[in-house]
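Here is a quick walk through one protein chain, meant to be read with the model open beside it. Have a look at the sequence and the fold, then read on.

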Amino acid sequence: HSVLAANAGIDKAAIQALAHGEAPTSLHGDELIAAQLAQQLSKNHRIDEALYRDAEAAFGRRGLFDIVALMGQYLTVSALLSLFEVPAPS
């Protein structure tokens, strides 16, 4: 997904950080909030109150729903690919 992220304008350092499960220091504003939201929710299965307030202010409740729905689709596809050991495309 690195290619898609780069095509969307995410810089290389941020892509590398995200791929390694780290917080990308080069992201700012809404991009950083979205990355933190996805990381906390994926790792902890919840987010802290301050991040929730920031995310709701940035994206609204509908936007939060959309982010989590997209995360759910991604996680489902990832689980299926892992289960059936589908190799990455060359």
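## The big picture

Of the 90 residues in this protein, 18% count as buried. Keep in mind that you're looking at a predicted model. It has 4 helices and 0 strands, so reading along the sequence just gives you α-α-α-α. The C-alpha trace spans about 40 × 25 × 20 Å along its principal axes.

As for contacts, take those with a separation of 6 or more: 24% of them are between residues 24 or more positions apart.

## Surface and charge

The protein's accessible surface comes to about 6,800 Å², and carbon and sulfur atoms own 60% of that. On the charge side, there are 6 positive and 10 negative side chains. The centres of those two sets lie 4 Å apart.

## Helix α2 and its two faces

Helix α2 covers residues 12–19, and its buried residues are Ala14, Ile15 and Ala17. They sit on the same side of α2, because the arc they cover around the axis is only 165°. The general rule behind this kind of pattern is that an α-helix has 3.6 residues a turn, so residues three or four places apart point the same way.

What covers those buried residues? Part of the cover is α1 (2–7). Flip to the face of α2 turned away from the buried side and you'll find the exposed residues Lys12, Ala13 and Ala19.

The surroundings of α2 are worth a look too. At the N-terminal end, Asp11 acts as a cap, with a side-chain oxygen 3.1 Å from the backbone nitrogen of Ala13. After the helix comes Gly21, which has a positive phi, near 75°.

## Gln39: buried or exposed?

Gln39 lies in helix α3, which runs over residues 29–44. It counts as buried because its relative accessible area is 17%, and the cut-off for buried is under 20%.

Which residues does Gln39 touch, leaving out those up to four places away in sequence? The list is Leu18, Gly21, Glu22, Ala23 and Pro24. You've already met Gly21 as the residue with positive phi that follows α2.

## Out past the last helix

Ala88 is in the segment after α4 (49–83). With a relative accessibility of 69%, Ala88 counts as exposed, since anything over 50% does.

How far is Ala88 from Ile33, C-alpha to C-alpha? The two atoms are separated by 29 Å, and the residues are 55 apart along the chain.

Methods: Residues numbered from 1 in each chain as written. Predicted model: local features only at pLDDT ≥ 70, side-chain atom pairs only at ≥ 80, totals over all residues. Heavy atoms only, no water. Helix = DSSP H or I, 4+ residues; strand = E, 2+ residues; numbered from the N terminus. Buried < 20%, exposed > 50% of the residue type's maximum accessible area, 1.4 Å probe, protein only. Contact = heavy atoms within 4.5 Å. Areas by Shrake-Rupley, 256 points an atom, 1.4 Å probe, with all protein chains shown as cover. Lys, Arg positive; Asp, Glu negative; His and termini not counted. Charge placed at Lys NZ, Arg CZ, Asp CG, Glu CD. Arc of directions from axis to C-beta. Polar contact = N/O pair within 3.5 Å; in protein donor to acceptor, adjacent residues only side chain to side chain.
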